[in-house]
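The following exercises concern cysteine pairing, burial and model confidence. Please work through each task before reading its solution.

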Amino acid sequence: MGIRYTGPYAEQVAEHEGQAARKLTDGTVSTGWTEETSALEAFIAACSCGWRAAAEHPATEAGKEAAEAQWNTEHLSPLIEAARSSWESWPDDLAGLARYARDRVLAQDNAEALRILDQMVADVDYRRRTVAQLSGQQERGAQE
């Protein structure tokens, strides 16, 4: 089992589960543990999306923790920052979709207009859930 981000931007980074992959003595890299993978040479930061760090960490508990920390710093953190930064363009993106839906209605392409409107509703729902989680984090921080 790997590391899953469960914070406010979890929906946008859902396809990313980090782990300390095992580099075996024959050079292969495995994310699973079996009897064959018990003889490992190093740990390597890896993600379920296919991302893999180049650096190797010692085949120790500290090395495993270092690989997991590397996944967090080099792979997960930039994804979270990209999700956070998406707020900047979101109003313009949403307005563009609204204009496109309007144009589809005017062109009597109602099926496409409904598809776009459903997409907009889903996006607004996602953004609302994100803000609710951010608000919860803020409240917990204020209580501490």
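**Exercise 1.** Determine how many disulfides the whole structure contains, and account for the state of Cys49.

*Solution.* Step 1: apply the criterion, under which a disulfide is a pair of cysteine sulfur atoms within 2.5 Å. A search of the whole structure with this criterion returns zero disulfides. Step 2: inspect Cys47, which takes part in no disulfide, its nearest cysteine sulfur being that of Cys49 at 3.7 Å. Step 3: Cys49 is unbonded because its closest cysteine sulfur, in Cys47, is 3.7 Å away, too far for a bond. Step 4: classify both residues by relative accessible area (buried under 20%, exposed over 50%, partly exposed in between; 1.4 Å probe, protein chains only). Cys47 is buried at 7%, whereas Cys49 is partly exposed at 41%.

The model is predicted: local features require pLDDT of at least 70 and side-chain atom pairs pLDDT 80 or more, while totals for chains, interfaces and linings use all residues. Residues are numbered from 1 along each chain as its sequence is written, and side-chain values use heavy atoms, without hydrogens or water.

**Exercise 2.** Is Gln70 buried or exposed, and which residues does Gln70 contact beyond its neighbours within four places in sequence?

*Solution.* Step 1: Gln70 lies in helix 1 (a DSSP run of H or I, at least four residues; strands are E runs of at least two, and both are numbered from the N terminus). Step 2: its relative accessible area of 10% makes Gln70 buried. Step 3: with contact meaning heavy atoms within 4.5 Å, the partners of Gln70 outside that sequence window are Ala45, Trp51, Ala53, Ala55, His57 and His75.

**Exercise 3.** State which element has the lowest mean pLDDT and which the highest.

*Solution.* Step 1: pLDDT is the predictor's confidence in each residue, from 0 to 100. The chain averages 91, and 94% of the residues score at least 70. Step 2: strand 3 (residues 29–30) has the lowest mean, 85, and helix 1 (residues 61–106) the highest, 96.
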